[in-house]
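Subject: Structure handover

Hello,

I am passing this structure on to you, and I hope you enjoy looking through it. Please open it below, and then read on for my notes.

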Amino acid sequence: MAGLGKLPALLQAGDWPEAERLLRRAAKSKSAGAEVFCNLAKVLEENGKHSQRAQLLKRAVLRRPDYANAWYELGRAKLEALDLIGAHKAFGKAYALHPGNADARRRFARQCL
């Protein structure tokens, strides 16, 4: 995540607006990695801006389909939007990619009920 050296300090300080600005700049780059989009989605969530999260997380999994954390966060965003089928698929993918993730397993199992 080139150019994001200040990000850890901003996240630790809870400076969500500045972290958002930094990540939005990074996301404009054609070489932006999945982590940029996933981190931006998390920052938006912390900042109370939920509407763009799913779209950003979809971009993350498109860039890196094996990114279990992005699939898990996409599942959370889908669940929040009451898209139960989408949440089930995303949690299932997160669990398949990282079977040791107890939260992904639990959320996937809950969606199966």
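Let me start with one residue and its surroundings. Leaving out residues up to four places away in sequence, Leu79 touches Leu84, Ala87, Phe91, Arg107 and Gln111. Please keep in mind as you read that this is a predicted model.

Leu79 sits in helix 5. Is Leu79 buried, exposed or partly exposed? Its relative accessibility is 26%, so Leu79 counts as partly exposed. Gln111 makes a nice example of a contact between residues separated in sequence: Leu79 and Gln111 are 32 residues apart along the chain, while their C-alpha atoms are 9.4 Å apart in space.

Another residue to look at in helix 5 is Tyr72. With a relative accessible area of 12%, Tyr72 is buried, because buried means under 20%. Setting aside neighbours within four places in sequence, Tyr72 is in contact with Phe91, Ala94, Asp103, Ala104 and Arg107. Phe91 and Arg107 will look familiar, since both are also on the contact list of Leu79. Tyr72 and His98 are separated by 26 residues in sequence, and by 9.9 Å from C-alpha to C-alpha.

Now for the helices themselves. Two packed helices are described by the angle between their axes and the distance between the axes.

Helix 5 (residues 68–80) and helix 6 (residues 84–97) have axes that come within 8 Å and cross at roughly 160°. That angle is over 145 degrees, which means that helix 5 runs roughly antiparallel to helix 6. The crossing of helix 5 past helix 6 is left-handed. On the helix 5 side, the contact is made by Ala68, Trp71, Tyr72, Leu74, Gly75, Arg76, Lys78 and Leu79. Helix 6 contributes Leu84, Gly86, Ala87, Ala90, Phe91, Lys93, Ala94 and Leu97. Sorted by class, this contact of helix 5 with helix 6 has 11 nonpolar, 2 polar and 3 charged residues. Both Tyr72 and Leu79, which you have just met, take part in it.

Helix 5 also packs with helix 4 (residues 53–63): their axes come within 9 Å and cross at roughly 155°. Helix 4 and helix 5 are therefore roughly antiparallel to each other. Here too the crossing is left-handed. From helix 4 the contact involves Arg53, Ala54, Leu57, Lys58, Ala60 and Val61. From helix 5 it involves Ala70, Trp71, Glu73, Leu74, Arg76, Ala77, Lys78 and Glu80. By class, the contact of helix 4 with helix 5 has 8 nonpolar, no polar and 6 charged residues.

What lies between helix 5 and helix 6? A loop, and Leu82 is in it. At 69% relative accessibility, Leu82 counts as exposed. Its phi is near 65°, a positive value in a residue other than glycine.

Finally, here is a charged residue elsewhere in the chain. Glu20 is in helix 2 (residues 16–27). Is Glu20 buried or exposed? Its relative accessibility is 8%, so Glu20 counts as buried. Leaving aside residues up to four places away in sequence, Glu20 touches Leu40, Val43, Leu44, Asn47 and Lys49. With one of these, Asn47, there is a polar contact between the two side chains, at 3.3 Å.

Happy exploring, and best wishes

How values were computed: Residues numbered from 1 in each chain as written. Predicted model: local features only at pLDDT ≥ 70, side-chain atom pairs only at ≥ 80, totals over all residues. Heavy atoms only, no water. Helix = DSSP H or I, 4+ residues; strand = E, 2+ residues; numbered from the N terminus. Buried < 20%, exposed > 50% of the residue type's maximum accessible area, 1.4 Å probe, protein only. Polar contact = N/O pair within 3.5 Å; in protein donor to acceptor, adjacent residues only side chain to side chain. Contact = heavy atoms within 4.5 Å. Axes fitted to C-alpha atoms, helices over the stretch in contact; angles between N-to-C directions. Parallel < 35°, antiparallel > 145°, perpendicular 65-115°, else oblique. Left-handed = near helix turned anticlockwise from the far one by under 90°. Nonpolar A, V, L, I, M, F, W, Y, C, P; charged D, E, K, R; others polar.
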